[in-house]
Amino acid sequence: MDFAAELKRHVATVERGLDLHLPPATTRPARLHTAMRYSLEAGGKRLRPVLVLATAELFGTAAAAESKIENLEPKIPDPLPAAVAIECVHTYSLIHDDLPCMDNDDLRRGRPTAHKQFDEATALLAGDALLTHAFGLLAESYAAAPTLAHALIRELADAAGSRRLVGGQMEDLLAEKKADATPDELEFIHLNKTAAMIEAAFVMGGLVGLRARPPSVARGETLRPGAVSLPEELATLRRAGRNLGLAFQVIDDILDATADTATLGKTAGKDAKADKTTFVKLYGIDASRRIAAELTAKALAALHELPGDPAFLHALVQSMAVRGK
Ligand code: GRG
């Protein structure tokens with residue numbers, strides 16, 4: 001498996017999907033649709049949508065092997081709308097996080113933040129519109145598979161909702177007002193602000209990919225010996241996402257403390273300046289690196305419990321542990 005080539009293939013699919021599944025910038029009101037595309041098209045690592053595509057592929061390929069179906073392609077729903085939907089929600093959260101009432105940042109994905117490029121109201125509305133678009137896209141794209149549409153919408157709504165992404169952001173803002181957040185508060189923030197969406201990416205990919213299973217296999221009647229059944233596999237994906245998500249956040253804290261603004265494409269050193277409680281502040285750089293390595297190992301172990309060949313996902317998770325931005 002050529003990791004760089006596979007990653008390039010998935011990222012190119014995501015970029016195509018974003019263009020395909022977003023209203024054209026000229027759609028009235030053009031200023032709003034231009035702002036939505038401005039933030040989305042600025043790039044970013046595309047981690048979450050690539051996780052959706054790669055996980056769907058992992059399960060689809062494994063199911064094809066299980067059922068010995070030669071050409072399974074027509075039976076697997078297209079995971080691309082799900083990948084685009086999660087990137088829309090992620091990008092909305094970045095736009096809103098950058099607003100003056102939250103993190104008040106000028107730089108994102110190597111460009112001026114949305115409110116700097118446009119204005120605060122336009123940035124707020126572009127975030128709102130991206131969030132709403134994600135759910136419309138899921139409902140529309142998977143209308144022919146209502147059970148799948150329901151599961152995807154529920155998964156994304158849970159991950160992005162008040163108990164998870166938004167809740168994590170709320171506690172993060174509250175923690176900033178206190179001298180020190182406790183390790184328990186820090187875990188709540190990161191599990192929800194960061195890990196929830198990464199967990200959802202794995203699970204959404206799994207939900208799409210598992211549709212490739214012949215019904216008898218999905219019911220657990222003809223599983224190969226030792227194979228686990230559907231809900232267990234989703235729980236395993238969730239565990240992979242939770243650990244990768246936490247590792248991702250620890251690395252984010254380390255990068256904030258060690259990398260420069262040009263490399264990150266966002267302002268570096270903000271945590272120390274704000275005296276924010278982070279993994280680095282609580283445990284130091286070396287221990288934080290050890291924690292990230294342990295969490296990464298747990299995510300990798302979960303991937304190896306899944307059916308199929310996780311070589312790409314394995315390499316992707318590993319690459320996140322050594323990322324420079
Ligand atoms: C406003 C509801 C709401 C939530 C905001 C995303 C977020 C929550 C805050 C951003 C600040 C931050 C450092 C979050 C933790 C890590 C994280 C999600 C970083 C950004 O994700 P990347 O690195 O970004 O995958 P790219 O640009 O590569 O997509």
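User: What counts as a helix or a strand here, and where does N104 lie in those terms?
Analyst: Helices are DSSP runs of H or I with at least four residues, strands are runs of E with at least two, and both are numbered from the N terminus. The model is a predicted one. On that numbering, N104 lies in the loop between α4 and β1 (107–108).

User: Is N104 buried, partly exposed or exposed?
Analyst: The backbone of N104 has a positive phi of about 50 degrees, although N104 is not a glycine. Buried requires a relative accessible area under 20% and exposed requires one over 50%, with partly exposed in between. The relative accessible area of N104 is 43%, so the class of N104 is partly exposed.

User: Which residue in the loop between α2 and α3 has a positive phi, and is that residue buried or exposed?
Analyst: The loop between α2 and α3 (47–67) holds R46. Phi of R46 is near 65 degrees, a positive value in a residue other than glycine. The relative accessible area of R46 is 1%, and therefore R46 is buried.

User: Which peptide bond is cis, and which residues does it join?
Analyst: The loop between α1 (3–21) and α2 (30–40) contains P29. The bond leading into P29 has omega near 0 degrees, which makes it cis. The peptide bond in question runs from R28 to P29.

User: Which residues are the closest to the ligand?
Analyst: The shell around the ligand has 18 residues. By class they divide into 5 nonpolar, 7 polar and 6 charged. The closest of the 18 are K45, R48, H90, R109 and Q249.

User: What distance separates the ligand from the polar side-chain atoms of R48, H90 and R109?
Analyst: For R48, a polar side-chain atom is 2.8 Å from an oxygen atom of the ligand. For H90, a polar side-chain atom likewise lies 2.8 Å from a ligand oxygen. For R109, an N or O atom of the side chain and an oxygen atom of the ligand are separated by 2.8 Å.

User: How much of the area that the ligand exposes when taken alone does the protein bury?
Analyst: Taken alone, the ligand exposes 700 Å². The part of that area buried by the protein is 92%.

User: Which element gives the most to the shell around the ligand?
Analyst: Elements that give two or more residues to the shell are α4 (80–98), α8 (165–176), α9 (183–210) and α11 (230–258). With 6 residues, the one that gives the most is α4.

User: Where is the kink in α9 centred?
Analyst: α9 is mostly covered, with 23 of its 28 residues buried. The helix has a kink of about 50 degrees. The residue on which the kink is centred is A195.

User: Is L210 buried or exposed, and how far in space is L210 from L20?
Analyst: L210 lies in helix α9. Buried means under 20%, and L210 has a relative accessible area of 7%, so L210 is buried. L210 and L20 are 190 residues apart in sequence, and their C-alpha to C-alpha distance is 25 Å.

User: Which residues does D172 contact beyond its neighbours within four places in sequence?
Analyst: D172 belongs to helix α8. Its relative accessibility is 6%, so D172 counts as buried. Beyond four places in sequence, the contacts of D172 are I189, K193 and K276.

User: Which residues touch T122, not counting those up to four places away in sequence?
Analyst: T122 sits in helix α6 (residues 120–141). T122 has 10% relative accessibility and therefore counts as buried. The residues it touches are R31, L32 and A35.

User: What is the C-alpha separation of A315 and L7?
Analyst: A315 is part of helix α15 (residues 311–321), and at 16% relative accessibility A315 counts as buried. Outside its neighbours within four places in sequence, A315 is in contact with M1 and F3. A315 and L7 are 308 residues apart along the chain, and their C-alpha atoms are separated by 9.7 Å.

User: What separates the C-alpha atoms of A63 and H21?
Analyst: A63 lies in helix α3. With a relative accessible area of 0%, A63 is buried. A63 and H21 are 42 residues apart along the chain, and the separation of their C-alpha atoms is 28 Å.

How values were computed
Residues are numbered from 1 along each chain as its sequence is written. This is a predicted model: local features need pLDDT of at least 70, side-chain atom pairs count only at pLDDT 80 or more; totals for chains, interfaces and linings use all residues. Side-chain values use heavy atoms; hydrogens and water are left out. A residue is near a molecule or strand if one of its heavy atoms lies within 4 Å of it. A polar contact is a pair of N or O atoms within 3.5 Å; within protein, one must be able to donate a hydrogen and the other to accept it, and residues adjacent in sequence count only if both atoms are side-chain atoms. Accessible areas come from the Shrake-Rupley method with a 1.4 Å probe; for residues, only the protein chains shown count as cover. Ala, Val, Leu, Ile, Met, Phe, Trp, Tyr, Cys and Pro count as nonpolar, Asp, Glu, Lys and Arg as charged, and the others, Gly among them, as polar. The bend at a residue is the angle between axes fitted to the seven residues ending there and the seven starting there. Buried means under 20% relative accessible area, exposed over 50%, partly exposed in between (1.4 Å probe, protein chains only). Contact means heavy atoms within 4.5 Å.
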